[in-house]
Amino acid sequence: MENEPKKNELMKRFELSVEGNTAVLDYVEQGDSVLVFTHTFVPSELRGRNIAAILTRYALEDASRQGKKVVPQCSYVAVFMDRNKEYADLRT
């Protein structure tokens, strides 16, 4: 993987760029303590390479570091959190 995920606070999304393509996980802030993960998108060129999971794990770790809770409005994030119980305490 050529790049690590990063948080783009201006665009309110987490990003992971690979081979000139960028996968994103969009979020909305609810107050000071909650992030709503609204949408995950992985370009077709990057699908099947675990990119969404890498991006989601990074976003959840970021929320945890900040002491924030997460609303997994995006279906991918909701399933990811269901399958990875170590993030259960982040869910509102």
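Helix α1 (residues 51-66) lies across β1, β2 (13-18), β3, β4 and β5 in this predicted model. Its direction runs at about 140° to β2. A second helix, α2 (residues 75-83), also packs on the sheet. Four aromatic residues, Phe14, Tyr27, Phe37 and Tyr58, form one cluster.

**Sheet**
- Five strands make up an open sheet, in the order β1-β2-β3-β4-β5.
- The pairing is mixed.
- β1 (6-8) and β5 (69-72) stand at the edges. Each has a single partner strand, so one side of each is left without a neighbour in the sheet.
- From one strand to the next, the twist averages 30°.
- Strands of a sheet pair through backbone hydrogen bonds, either parallel or antiparallel.
- β3 (residues 21-30) and β4 (residues 34-41) run antiparallel and are joined by seven bridges.
- Leu25 has Thr40 in β4 as its bridge partner.

**Helices on the sheet**
- Helix α1 reaches across β1, β2, β3, β4 and β5.
- Helix α2 touches β3, β4 and β5.
- The direction of α2 makes about 120° with that of β5.

**Aromatic pairs**
- The count of aromatic pairs comes to five.
- Phe14 and Tyr27 are one pair: their ring centres are 5.3 Å apart. Their planes meet at 45°, which lies between the 30 and 60 degree limits, so the pair is tilted.
- This pair links distant parts of the chain, with Phe14 in strand β2 and Tyr27 in strand β3, 13 residues apart.
- Phe14 also pairs with Tyr58, at 6.1 Å centre to centre. The angle between these planes is 75°, and the pair is edge-to-face.
- Phe14 lies in strand β2 and Tyr58 in helix α1, so this pair ties together parts that are 44 residues apart in sequence.

**Burial in the cluster**
- Phe14 is buried, with a relative accessible area of 0%.
- Tyr27 has 4% relative accessibility and counts as buried.
- Tyr58 has a relative accessible area of 26%; this falls between the 20% and 50% cut-offs, so Tyr58 is partly exposed.

**Charge over a ring**
- Arg65 places its charged end over the ring of Tyr58.
- The distance from that charged end to the ring centre is 6.0 Å.
- Tyr58 thus appears in two settings: the edge-to-face pair with Phe14, and the ring under the charged end of Arg65.

Terms used. Residues are numbered from 1 along each chain as its sequence is written. This is a predicted model: local features need pLDDT of at least 70, side-chain atom pairs count only at pLDDT 80 or more; totals for chains, interfaces and linings use all residues. Side-chain values use heavy atoms; hydrogens and water are left out. Two strands pair if DSSP finds at least two bridges between them. Helices (H or I, at least four residues) and strands (E, at least two) are DSSP runs, numbered from the N terminus. Axes are lines fitted to C-alpha atoms, for helices over the stretch in contact, and angles run from 0 to 180 degrees between N-to-C directions. Contact means heavy atoms within 4.5 Å. Rings of Phe, Tyr and Trp (its six-membered ring) pair if their centres lie within 6.5 Å; planes under 30 degrees apart count as stacked, over 60 as edge-to-face and the rest as tilted. Buried means under 20% relative accessible area, exposed over 50%, partly exposed in between (1.4 Å probe, protein chains only). A charge sits over a ring if NZ of Lys or CZ of Arg is within 6 Å of the ring centre and within 35 degrees of the ring normal.
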